[in-house]
Amino acid sequence: MNIVLDKNLQKELRKTSALTGLDEQELARRAIILYLESMRGMTDFVSELRAWQQLDGESLRLLDASLSGSYALSEVTPHSSL
């Protein structure tokens, strides 16, 4: 796969390559890998948020009741301390 970079990105890649001592191709490869890993993490997080949003009130009450020995979800407010 060939990737075409605009002039500004090429300039940033050259500067970072000079600062790090990494070859421009290796630097670009690492940047892409880091970005893709970050995106996978973000999609996992969004999926988990969606799953929590789909829980109905009854499910949350059951979860609340199952948390014996800890604060109930309904008792925890942004200003309470554990």
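1. Starting with the pocket: H2 is the top contributor to the lining of the largest pocket, giving six residues. Keep in mind while looking at this that the model is predicted.

2. As for the rest of that lining, the elements that supply two or more residues are helix H1 (7–20) and helix H2 (24–54). The full set is Ile3, Leu5, Leu9, Glu12, Leu13, Thr16, Gln25, Leu27, Ala28, Arg29, Ala31 and Ile32. By character, eight of the lining residues are nonpolar, two are polar and two are charged. The volume of this largest pocket comes out at about 330 Å³.

3. On the overall fold, you'll find three helices and zero strands in the chain. Reading from the N terminus, the order is simply α-α-α.

4. How much of the chain is buried? Of its 82 residues, buried ones make up 6%. The accessible surface of the chain is about 7500 Å², and carbon and sulfur atoms account for 58% of that.

5. There's also a nonpolar patch on the surface, worth a look in the viewer. Its members are Met1, Ile3, Ile32, Tyr35, Leu36 and Met39, and together they have about 680 Å² of accessible area. Ile3 and Ile32 belong to this patch, and both turn up in the lining of the largest pocket as well.

6. One more remark on a patch member, Met1. This residue sits in the segment before H1. Why does Met1 count as exposed? Its relative accessible area is 94%, and the cut-off for exposed is over 50%.

Conventions: Residues numbered from 1 in each chain as written. Predicted model: local features only at pLDDT ≥ 70, side-chain atom pairs only at ≥ 80, totals over all residues. Heavy atoms only, no water. 1 Å grid on protein atoms, 1.4 Å probe; cavity = no way out; pocket = protein on both sides within 12 Å on 5 of 7 lines; lining within 4 Å. Points joined across faces, edges and corners; volume = space filled by probe spheres on them. Helix = DSSP H or I, 4+ residues; strand = E, 2+ residues; numbered from the N terminus. Nonpolar A, V, L, I, M, F, W, Y, C, P; charged D, E, K, R; others polar. Buried < 20%, exposed > 50% of the residue type's maximum accessible area, 1.4 Å probe, protein only. Areas by Shrake-Rupley, 256 points an atom, 1.4 Å probe, with all protein chains shown as cover. Patch = residues over 30% accessible without salt bridge, like charges linked within 9 Å, V, L, I, M, F, W, Y side chains within 5 Å. Salt bridge = Lys/Arg side-chain N within 4 Å of Asp/Glu carboxyl O.
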